[in-house]
Amino acid sequence: MEHGTPQKRGQEQSDELLALVRQLFGDDCYTVSDLRQVGQSIVYASEAFAQFSGYEIDEVLGRDLAFLQRDDTDQEGLRQLRAALAEGRPCTVVVRNYRRDGSLFWNEQHHYPLRDERGNVTHLVSVQRDVSDRMHALGVVDAGERMGRHGQGGFFGYSVLLRPDAQPQLLWVGEACLHITGVPASELMDAPLGSWVHDEDRAAFREAQVLRRAERSHRLRYRIVTRDGRVRWVEDHGQRSWSNPEAHAVAVHALVRDVTAERRSRGELWHIDNIDALTGLPNERRFRDRAEQALAATRSGGHGAALAVIDMDAFSFVNDTLGRAHGDRLLQEVANRLRRVTGPADTLARLQGDRFGLLWTNVDDPEHVVPRLLRVRDAVSAEVPWRGGVMRPSATVGVRRIGGDADPLPRSREFDPGAAYEQLQQEAEVALERAKRDEPGGWACAGASDHARMRDRERSERDLRTAIRDDQLVLHYQQRVDLRHGTVSGVEALVRWLHPADGLLKPRAFLGSLQVAGLDPALFRWVLPRALGQAAAWRAAGRPYRVAVNVGRQTLEHPDFEAWVHQELERHDLNPALLELELTEGTPMDVFERNVGVLAALRERGVRISLDDFGVATASLAQLQRLPLDGLKIDKRFVDRLVAGSRGDREMVRAIVSIGRSLGLTVVAEGVETDAQRSALRELECDEVQGYLYGQAVPADYVVAPVPSGD
């Protein structure tokens, strides 16, 4: 008897495929299209896609994904997609799409064709995300380069869509608008185009938008009114970026540059008014201006901030005994040191005399302040060569945090950013006086809760620094086994902390604190030479094990990361193929993209690159496609459910192995603890395994312990 008609069997296979896709992609924003149907209809859409597009799922099913393009079909990304589908290969494209309400957005689509058991492409999985901000920002940068943007002064970008029969549609505004208009981008997006323009110049501004539809580029000058009522002159450079002939729409990228200073009768007046002549830092007036802008942004829902007042200790002694010229030199040296530990979004200023101000942004937790405070302290207190000897200056710091879980700013219409700044500075000054009384050369934070949490974080970071400096850390190694031959193919170096009070600590007990403190690169520099030294010792003993070393986000982004690896490989005269760098999969995709060149260079030299904990983060498949990889590790959570879980759990692992193998990657399963798991992974053709079944992480001398021989 037949087991159903071909149509029924085909439907059952499709249902199983959709179930597997839902397991693999989880809560991602994606659709599944049946390429066998006329029109390549969407047969499944995730809830995230419905929210993403503004359509109900029922409105999406049965339609071609191209419905999001409406009549905007002349796009390079669509041509690339058609070519990839014709060849049955995966691809990534960026296209212009339109939500249900008609709003334009840039859609980054990762398309993955799925094949049946005969190898025929039957379905297409399309993972999608909104990259409008990135595309508009790149468009503004490109427009600026084509227009030959020069000159000084702050600027921000915006993008606008112009139609002959509709009001201009503001598509995007750069966050830097806050520094010029005093208004966050989110508020400007909710207001009509040109809401920042002075009333007397608004008509001319509207007329300019009509000209921009017909002209390749256009430049105009007008006045804006900032949130606090000040008038500034700006220069607006517009450049046509793309057009949609069917809809008679034109997109324009524009740069708005502050030219107020240039319009003054004497250009140096702004510099005199805002910059400290001795140190070249912003002065107290400029600092107050930036602080008020940050307070306004925090009040409207932005990230928190922290204001620090830094007072040099015993500075009057230098002036009185060595003379003012030496005191000025010391202030210049301290200013330069503080510049080096200040982020690009923060503001450093000389307030008056020997007192500096620091405004830290993106501070939502008091613990975020501690690493910055310690960098300030270390920078100031480093020895200074002085008159044939050395001087060790010091400073005391008072801090007041606002926003995040700190005291909120008042949200009433009567909010006065000037008064708020004065209160914030006064409380930081009070904290400074308390620190000078209780701990000269130290710091204090306004607010008992903040102060206590910051002290705890400081102690934790101090202990970690001591652990790295004093070799309280040790390396253990967990062996990795080739499933086909049952031999040790390599090891993973895992750090342990031999804490003087708490005993042997595993990474989960301290890695979080270490990353918050910014010590991940320091840990990598401690681990790498010791791991490679051990690999060299094993090679000399006739056991050339490949050693895997973990690489966190902070290490990957460090400018010296590649040099460290090359230096240690040469120092130990080690074949690069014996080193594997395991990237943390939870690292944001933009970090990987910025460092693809470094990873590719290391891989070209022979170092293996792999992705750890695969399957946890949402952009995993896109990462695999873009990164120069040799291997990936299946996260332990999938291995745990492999035997005791459902059929879907097993199929998930099968899919991951299949994806890895199709890309030519070595697939490693971690967390293998039972014979049943090992047997299942062997059946699924996983390449390598590691876990307690083969032994825990152990000191190097115990790595040669025998492994299970197999079924």
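Which residues in H18 meet which residues in H20? In this predicted model, Pro521, Phe524, Arg525, Leu528, Pro529 and Leu532 of H18 are in contact with Phe561, Trp564, Val565, Glu568, Leu569 and Arg571 of H20. Helix H18 spans residues 520-540 and helix H20 spans residues 561-571. Their axes lie 9 Å apart, and the packing angle is about 20 degrees. Because this angle falls under 35 degrees, H18 and H20 are classed as roughly parallel to each other. The crossing of H18 and H20 is right-handed.

The overall architecture of the chain was examined next. The chain comprises 711 residues, of which 51% count as buried. Its secondary structure consists of 26 helices and 26 strands. When contacts between residues at least 6 apart in sequence are considered, 62% of them join residues at least 24 apart. The exposed surface of the chain amounts to about 33400 Å², and carbon and sulfur atoms contribute 49% of that area.

Helix H24 takes part in two further helix packings, one with H26 and one with H25. In the pairing with H26, helix H24 (residues 636-644) and helix H26 (residues 675-683) have axes that come within 9 Å and cross at roughly 95 degrees. An angle between 65 and 115 degrees counts as roughly perpendicular, and H24 is therefore roughly perpendicular to H26. On the H24 side, the contact is made by Val639, Asp640, Leu642 and Val643; on the H26 side, by Ala676, Gln677, Ala680 and Leu681.

In the pairing with H25 (residues 647-662), the axes of H24 and H25 are 8 Å apart and the packing angle is about 130 degrees. This value makes H24 oblique to H25. The crossing in which H24 passes H25 is left-handed. Here H24 contributes Phe638, Arg641 and Leu642, whereas H25 contributes Asp649, Arg650, Met652, Val653 and Ile656. Leu642 of H24 thus appears both in the contact with H26 and in the contact with H25.

Individual positions were then considered. His476 is located in strand E18, which covers residues 473-482. With a relative accessible area of 13%, His476 is buried, because the cut-off for burial is under 20%. Apart from its neighbours within four places in sequence, His476 is in contact with Glu492, Ala493, Leu494, Arg496, Leu504, Ala697, Val698 and Pro699.

Arg496, one of the residues in contact with His476, also serves as a reference point for the position of Ala509. The C-alpha atoms of Ala509 and Arg496 are separated by 9.6 Å, and the two residues stand 13 residues apart along the chain. Ala509 lies in the loop that connects strand E20 (503-505) with helix H17 (511-516). Its relative accessibility of 53% places Ala509 in the exposed class, because that class begins over 50%.

Cysteine residues were also assessed. Cys177 has a relative accessibility of 0% and therefore counts as buried. Cys445 is likewise buried, at a relative accessible area of 1%. A disulfide is a covalent bond between the sulfur atoms of two cysteines. The search for such bonds across the whole structure returned zero disulfides.

Terms used. Residues numbered from 1 in each chain as written. Predicted model: local features only at pLDDT ≥ 70, side-chain atom pairs only at ≥ 80, totals over all residues. Heavy atoms only, no water. Disulfide = S-S within 2.5 Å. Buried < 20%, exposed > 50% of the residue type's maximum accessible area, 1.4 Å probe, protein only. Helix = DSSP H or I, 4+ residues; strand = E, 2+ residues; numbered from the N terminus. Contact = heavy atoms within 4.5 Å. Areas by Shrake-Rupley, 256 points an atom, 1.4 Å probe, with all protein chains shown as cover. Axes fitted to C-alpha atoms, helices over the stretch in contact; angles between N-to-C directions. Parallel < 35°, antiparallel > 145°, perpendicular 65-115°, else oblique. Left-handed = near helix turned anticlockwise from the far one by under 90°.
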